Amino acid sequence: MASMLKLLPVCLLLMATAAAPAAELEGGAFRVHYREGDEDVAQWSLDVLQEAAAEFAPRLPLGDAPVDVHIAHTMDEFRELTPGRNVYVSGVARSWRGMIIVKGPQLRLPGEDYAGTLRHELVHVLLYRNAGIGRLPQWLNEGLAMMLANELRWQASLTVGRMFLTRRIIEYKDLGRAFNAPSGPEEFSDVYAQSLSMTEFLRDRVGEDALWRIVLATREMSFGDALRTYAGMSPLDFWDAYSRSLWGLALIGSLVSGSLFTPAAVLFLIVYWKRRGQFKRGMARLEAQEARERAEAAEAPAVLSWDDVAEDPDAWKGEEGEEEEEER
Ligand SMILES: [Zn+2]
C-alpha cells in the first residue's frame, strides 16, 4: 500500500504532463505547432505571420526555408522550448534554426500584443536571412524588430526621456552587455527602449532607403563601414548626434507626461543649465584627448579601440560565432 501511495504523485504528474496531442498547421513557409484545441490561435498566428512576411518582403524576403512556429500552451511548455531563457519574455527567436517560440495568448496579461510579438520574432528571422547577422549590432537588430512590429513606440520615447533625466542612458559601448547581462529588470527594459529610440533616430537622420542599405550591406562589410559608406558617419558620430538629441526627447517626454515639473526634472534642468559651460569645456577636453589618442593609436600596433567596440558590441569577447538568440 505504501509503495502504491508513493507511486500516486508520479501517476498524477504523468497525467498532468500528458497534455492534448500536438497539431500542426502549414501555410507557405510557416509550420505552426500548437496543442489540439488551440486551432483558432494557430490560424490567427498563421494569418499574422503571412501578412507580415508579405509586408516585409520588398526589403527582407523570407525565402523558401521553413519557419517553425511553436505556440506554448502552458508555462512548462514555454520553459521546455526555451531552456535557460528568461521566463518573463513573451517570445524567443532561434533565427539560425528558423524557429519562433511564443507564449500563447492565455499566458499573457490582458492587453499584451500577441500579434506584435509574432511580427517581432519574424523580423529577427528575416534579418538573419538577409543581413550579416554577426555584424549587425544587437541594438539595431532589436530596434528594427520593434520598429517593424509597431511595438511600444510612443512608450519608448517617454522611457528614454525619463532615462535621460535620471541619468540612466546606456553608453554605446555598454549596450551589448546590457542585453546579455543586464544589471536588473529595469536595465533590461531600458536597453530595448533605447535601441528602438536609436533605430528611429538613425532612420529619421539618414532616411528609410539609406537605413536599409546600411542594414543589408552588413552582409559584406562591418556596420561601421556600412554607416560610413551610406550615411557618411562613423558609429561615434552617430552616437554623438543621438546623445545630443536626447535633450529634446526628454523635454518633449516630460511635457507630454506632465513630469517636467517633478522635483527630479526641475533639479536636473537647473544643474544642467548651470553647468552648460563646464559641460561644453569637458566635451572639448575629451575631444582633444581623443584626437591625441587616435594619433597615438595610428602609430601603435592594432589594439582593441573604442571604435572597434562601437562597431561590434561583442568585440570585447574576442571570439565571434557563438549562436545568438533574440528575445524580448
Ligand atoms: Zn527581439
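**A partly exposed aspartate, a hairpin and a helix pair**

Let me begin with Asp240, which has 15 C-beta neighbours inside 10 Å and therefore counts as partly exposed, since that class lies between the 20 or more that would make a residue buried and the 12 or fewer that would make it exposed. I should say at once that what we are looking at is a predicted model. Asp240 sits in helix α11, which covers residues 235-257, and its C-alpha atom is separated by 9.8 Å from that of Tyr172, although the two residues are 68 apart along the chain.

That pair leads me to the protein as a whole, which has 13 helices and six strands. Of its 328 residues, 33% are buried, and if we take the contacts with a separation of 6 or more, 67% of them are between residues 24 or more positions apart.

Now let us turn to the strands, beginning with β1, residues 22-27, and β2, residues 30-35, which run antiparallel and are joined by six bridges. Within this pairing, Glu26 stands opposite Arg31 of β2. Two residues lie between the strands of this hairpin, and Gly28 there takes a positive phi near 60°.

Which residues of β2 are on the covered face, and which are on the uncovered one? The covered face carries Phe30, Val32 and Tyr34, whereas Arg31, His33 and Arg35 belong to the uncovered face. It helps to remember that in a regular strand the side chains alternate between the two faces of the sheet.

Strand β2 also pairs with β3, residues 67-72, this time in the parallel sense and over four bridges. In that pairing, His33, which we have just met on the uncovered face of β2, has His70 in β3 as its bridge partner.

My last topic is a pair of helices, and here we should recall that two packed helices are described by the angle between their axes and the distance between the axes. Helix α4, residues 114-130, and helix α5, residues 138-148, have axes that come within 8 Å and cross at roughly 135°. The two helices are therefore oblique to each other, because an angle has to be over 145 degrees to count as roughly antiparallel. The crossing of α4 past α5 is right-handed.

Where they meet, α4 contributes Arg119, His120, Val123, His124 and Leu127, while α5 contributes Asn141, Leu144, Ala145, Met146 and Leu148. Sorted by character, the residues of this contact are six nonpolar, three polar and one charged.

Terms used: Residues numbered from 1 in each chain as written. Predicted model: local features only at pLDDT ≥ 70, side-chain atom pairs only at ≥ 80, totals over all residues. Axes fitted to C-alpha atoms, helices over the stretch in contact; angles between N-to-C directions. Parallel < 35°, antiparallel > 145°, perpendicular 65-115°, else oblique. Left-handed = near helix turned anticlockwise from the far one by under 90°. Contact = placed C-beta atoms within 7 Å. Nonpolar A, V, L, I, M, F, W, Y, C, P; charged D, E, K, R; others polar. Pairing = 2+ DSSP bridges.
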